[in-house]
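Thank you all for making time for this. I would like to walk you through one model, starting with its sheet and ending with a few individual residues, so please have the picture in view while I talk.

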Amino acid sequence: MGHSILHCAASVQRNELDGGDVADSKIPAEVKTAGALINWVTACLDSSDVFFGHGTDNSRDEAGALVYHVMQLDHCAGNRDYGVRASPQALAEIQTLLDTRIGKRVPMPYLLNEAWFAGRSFYVDQRALIPRSPLAELIVAGFTPWLASADDGSALELGTGSGCIAVACALALPHWKIVATDISETALEVARINVDRYGLSARIQLLKADMFAGVSGRFDLIVSNPPYVPAAESDDLPAEYGHEPPVALYSGPDGLDSARRILQNARNHLNDKGLLVLEVGEQRECLEAAFPRLPLTWPELDRGGRGIAVITAEDLGPSAGALVTGVNDD
Ligand SMILES: C[S@@+](CC[C@H](N)C(=O)[O-])C[C@H]1O[C@@H](n2cnc3c(N)ncnc32)[C@H](O)[C@@H]1O
């Protein structure tokens with residue numbers, strides 16, 4: 001395997017000397033097994049300027065995702081299949097996908113039409129954001145200890161995108177009903193694929209809605225990973241983000257336009273013992289500064305990520321309008 005990395009490095013070097021791009025590196029003839037391919041792809045990614053942050057945070061995980069997906073190997077088997085030899089078709093496909101990944105900076109999940117979230121595989125394409133929310137950790141834990149009861153209840157997800165959060169919630173809370181909304185009709189098409197894939201159409205209702213407009217009833221849980229990147233940051237983000245729908249990323253000058261609308265209206269859609277779980281990521285301090293009187297709890301996340309606020313309906317209070325100023329959707 002070290003042997004393969006050397007071959008990759010040699011190949012990359014040759015291309016550079018020829019004035020070629022790293023993306024032009026061709027799989028050396030000696031590299032035939034899954035393990036060797038992972039090493040080679042890893043080295044190629046390391047030699048490029050790709051950005052990791054769309055489901056994986058390092059080159060080796062991404063190389064493994066590519067090779068295992070194309071060769072249809074089982075991730076659960078660990079490195080058991082590292083000795084499996086790739087067919088000529090698989091080698092050609094890995095080469096093509098790697099060239100596009102490096103040359104066009106397309107995030108790997110879009111190339112594979114597959115992303116992993118909360119331990120499950122989801123279909124994804126450029127109509128929806130690539131699943132990567134740290135909310136997965138809270139969902140898998142059934143929102144303990146914050147949720148009053150996990151036995152049965154109702155949840156509203158605002159901005160469902162691929163549907164990954166709604167599906168993961170439905171699987172973690174098997175007796176719950178979920179309404180999952182999005183303003184983007186095309187994102188909802190992706191969500192439909194995932195809801196159907198997991199056979200959850202009886203428990204997850206998909207709804208095209210601009211935040212709470214058109215959403216009726218009250219829920220035990222409102223969960224949202226809304227867009228929260230400040231609009232002015234769009235030019236500074238790595239090229240990979242340019243392949244995602246802007247409506248899924250950007251939300252006004254300080255990134256908090258969507259969060260404000262959610263905080264403003266959530267109380268009107270929560271039961272008395274209900275809970276709002278709202279992700280704002282790097283905008284945490286900005287949200288705290290904007291709403292200094294709003295009691296926000298920020299769970300520690302063992303698996304990384306930050307900026308998920310938990311707020312009880314009680315804390316939002318009947319006077320939420322006084323704590324949170326902004327547009328009212330109702
Ligand atoms: C950050 S993405 C989250 C997608 C998915 N929930 C996830 O975690 O991967 C935000 C989503 O909110 C949707 N969205 C943006 N503005 C919205 C609005 N005003 N009303 C409803 N959904 C909205 C976007 O289309 C996008 O799918």
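The sheet is where I will begin: it is an open sheet of 6 strands with mixed pairing, and if you read across it, the order is β5-β4-β3-β6-β7-β8. Please keep in mind throughout that what we are looking at is a predicted model. The two edge strands, each of which pairs on one side only, are β5, covering 204–208, and β8, covering 308–312. Averaged over the sheet, and with direction ignored, neighbouring strands are turned by 15° against each other.

Let me stay at the β5 edge for a moment. Strands β4 and β5 run parallel and are joined by 5 bridges, and within this part of the sheet I178 stands opposite I204 in β5. Helix α8, residues 185–197, packs on the sheet here, touching both β4 and β5, and its direction makes about 170° with that of β5.

From here we can move to the ligand, which is surrounded by 24 residues, and the closest of these are G159, G161, I183, N225 and A248. Which elements give two or more residues to that shell? They are α7, at 164–172, and β4, at 177–182, so named here with their residue ranges to help you find them on the screen. Sorted by class, the shell around the ligand contains 13 nonpolar, 9 polar and 2 charged residues.

Next comes a helix pair. The axes of α3, residues 59–71, and α4, residues 88–104, come within 10 Å and cross at roughly 140°, and the crossing is a right-handed one. On the α3 side the residues involved are L66, V67, V70 and M71, and these meet A90, E93, I94, L97 and L98 in α4. By class, that contact has 8 nonpolar residues, no polar ones and 1 charged residue.

In the loop between α3 and α4 we find R85, and here I would ask: is R85 buried or exposed? R85 is exposed, because there are 12 other C-beta atoms within 10 Å, and a residue counts as exposed at 12 or fewer. Leaving aside residues up to four places away in sequence, R85 touches K32 and T33. The C-alpha atoms of R85 and A36 are separated by 9.4 Å, although the two residues are 49 residues apart along the chain.

Finally, I have some backbone details that you may wish to look at individually. A cis peptide bond, with omega at about 0°, joins T144 and P145, and P145 is found in the loop between α6, at 135–140, and β3, at 154–158.

Two residues other than glycine have a positive phi. For N113 the value is near 55°, and N113 sits in the loop between α5, at 108–112, and β1, at 115–117. For M211, which is not a glycine either, phi is about 50°, and M211 lies in the loop between β5 and β6, the latter at 219–224.

How do their surroundings look, buried or partly exposed? N113 is partly exposed, because 13 other C-beta atoms lie within 10 Å, whereas M211 counts as buried, because it has 21 C-beta neighbours inside 10 Å, and the cut-off for buried is 20 or more.

Definitions and conventions:
Residues numbered from 1 in each chain as written. Predicted model: local features only at pLDDT ≥ 70, side-chain atom pairs only at ≥ 80, totals over all residues. Axes fitted to C-alpha atoms, helices over the stretch in contact; angles between N-to-C directions. Helix = DSSP H or I, 4+ residues; strand = E, 2+ residues; numbered from the N terminus. Left-handed = near helix turned anticlockwise from the far one by under 90°. Contact = placed C-beta atoms within 7 Å. Nonpolar A, V, L, I, M, F, W, Y, C, P; charged D, E, K, R; others polar. Near = placed C-beta within 6 Å. Pairing = 2+ DSSP bridges.
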